[in-house]
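Please open the structure in a viewer and keep the selection panel at hand. The tour proceeds by selection, with a short account at each stop.

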Amino acid sequence: MRDRDVAASAPPSFAAWVQAREHALQRFVFLVSGDARRTRPVLERALAALHRQWRETADVVDLEVYVRQEILHVLASMRTGEQPPVRQPRDAPRELEPVWEACAALDLEHRAALVLRYYEQRDVIEIAEILGCTPDTADPLIQSGVSFVRERLERAGQP
Amino acid sequence: MTDVESLLRETFSEYAGRAPAEDHLADGVLETARRRRRRQVTVGVVVIAALLVPAVWLLRADTDSVSEAGGGIPLAEVPELRWESYGGIEVQVPAGWGYGDLTQWCAPEGQPGRVTGPAVDRPGLGPAVLCSANFETGNQGVERPTYAAGLLLRPAGVGPRIGREDVATGAEIFRRRVGDVDLTVIDVRPALAQLILGSATVVTDDDLNGCATAAVIPRMGRFLSMRPGVDELDVAGSLSVCYYETRDWPRPTLVRSEQLDAATAQDLLERLQASEPTDAQAPVEATGRCAETEAALFRFWGGGTPIDVWVHYAGCGPYGADDGRRPRRVGDALLEPVVDSPWRGQLGSMPPGRAGGYGSG
């Protein structure tokens, strides 16, 4: 599931790097934002920022972390009215809808933390790096996110 | 692992399969970068000349010298921002910034339109109407205004030359040219100015409000659309309003845009559907000067293909709304969202995002 290993060595070019990850990054944006329609514009903004710094950053920073930081900055900088609404895809499995909706009620930082932990299976140190906080902050963020989802499900009569 | 954690894994895994899976995303980014480099060469001479102005903190036009939006700033410290769309670029500003004339030229203390805090200053009908003697066109013999804090957006090469003597004590001036737009930030906070200027990007396709950055404005009654007309739309999901101008631009350029909510979109759709047909010859009621230098495109989103309606409201007419099927007369209710926009200048620090209630007509 993780794409990190793909970038074990320095990327040959921006285009090749993006091509190898564009689907994974679209999944990340979609899961965090919940809006398929804005997935591409958000990702393109983040990639444009990455490209402008490509020469300086490609060899010295973890691009997988960097691009996710940019994605979250793009999403964070959208004012409330522009925040993509988290929508229920038409063909979503019914039994998972409450979980998705509970995640939708979380703020961006919590949602991102959960996606990074439970979809991308990153450890707390990596999650902290992406979120720009310390591991001591990231761990409670994940735990409180899980607790929030649990409470929502219990209230809705789910396990 | 708890049940909830398992559910989260399962949910994310399942929903990830419903994410878009588009290819070649790098192509658009690289094309934009190529255009930026070409422009960079063009503006190089201007930049060198401008560097000689010691009173101004000059950030190189359209280069990478400005740090990118959010780059190096912890997520928690990024202020709440909103996007401004202007002239084919998008730029972020703090969400609390209003709109208004930074020169305060036409809005003395205590008068409507006086900005009360940092604001976005963009050309528009308001300042033009309010300011019969506009500072930027060069008004001799009048005391120079002091610019308030904010972001000044102007077509490239059209903006005023602002010096340190024109701003409040302690404020700095930061400039950048992106695409066809000159951006000037006046603020005491360099980091914020760099965040704003660094966020500015050329829009290659539609902006975030669903508006194309350039368009050909068809004459009233001459719009050839292959799409359905407004009569074929029952429910409007939302409405993008895209404003194009030719004044100061080599081609009709998107100068502002907004997305209106479903209720407002539906209200305007129904008003349009109820509007009288016109032969597209005689001007209808509207105010405007004699030259069609601007028009608005209403883009209704209702599920499938968007439906486009050109609204002609400026110049010598004929005015009206044209969806490519049936030209219609437009009344105040349709014109109000076009003319009475938060960017006019009279409205001071009124934030965007109006919803509902455009009066009668």
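The stops below begin with a whole chain, continue through a sheet and end at a pair of helices.

This is a predicted model, in which local features need pLDDT of at least 70, side-chain atom pairs count only at pLDDT 80 or more, and totals for chains, interfaces and linings use all residues. Residues are numbered from 1 along each chain as its sequence is written, while chains are lettered from A and ligands numbered from 1 in the order in which they are written.

**Chain B**

Select chain B, which has six helices and 13 strands; helices (H or I, at least four residues) and strands (E, at least two) are DSSP runs numbered from the N terminus. Of its 361 residues, 44% are buried, a residue being buried if 20 or more other C-beta atoms, placed from the backbone, lie within 10 Å of its own. Among contacts in chain B with a separation of 6 or more, 67% join residues 24 or more positions apart; a contact requires C-beta atoms, placed from the backbone, within 7 Å.

**The five-stranded sheet**

Next, select strands 9 to 13 of chain B, which form an open sheet in the order 10-9-11-12-13 with antiparallel pairing. Two strands pair if DSSP finds at least two bridges between them. Strand 10 (253-260) and strand 13 (320-322) of chain B each have a single partner strand, so one side of each is left without a neighbour in the sheet. From one strand to the next, the twist averages 20°.

Now restrict the selection to strand 9 (residues 238-245) of chain B, where seven of eight residues are buried. Eight bridges connect strand 9 of chain B to the antiparallel strand 11 (residues 294-301) of chain B. Within this pairing, B:Tyr244 stands opposite B:Ala295, and B:Leu239 has B:Phe300 as its bridge partner. Towards strand 10 of chain B, also antiparallel, strand 9 of chain B forms seven bridges; there B:Cys242 stands opposite B:Ser257.

Add helix 5 (residues 262-274) of chain B, which lies across strands 9, 10, 11, 12 and 13 of chain B and runs at about 70° to strand 9 of chain B.

**Two helices in chain A**

Finally, select helix 6 (residues 108-119) and helix 8 (residues 135-155) of chain A, which pack at about 95° with axes 9 Å apart. Helix 6 of chain A is therefore roughly perpendicular to helix 8 of chain A, a description covering angles of 65 to 115 degrees. Axes are lines fitted to C-alpha atoms, for helices over the stretch in contact, and angles run from 0 to 180 degrees between N-to-C directions. Among the residues that meet are A:Leu114 in helix 6 and A:Phe148 in helix 8 of chain A.

How values were computed:
Parallel < 35°, antiparallel > 145°, perpendicular 65-115°, else oblique. Contact = placed C-beta atoms within 7 Å. Buried ≥ 20, exposed ≤ 12 C-beta atoms within 10 Å, placed from the backbone.
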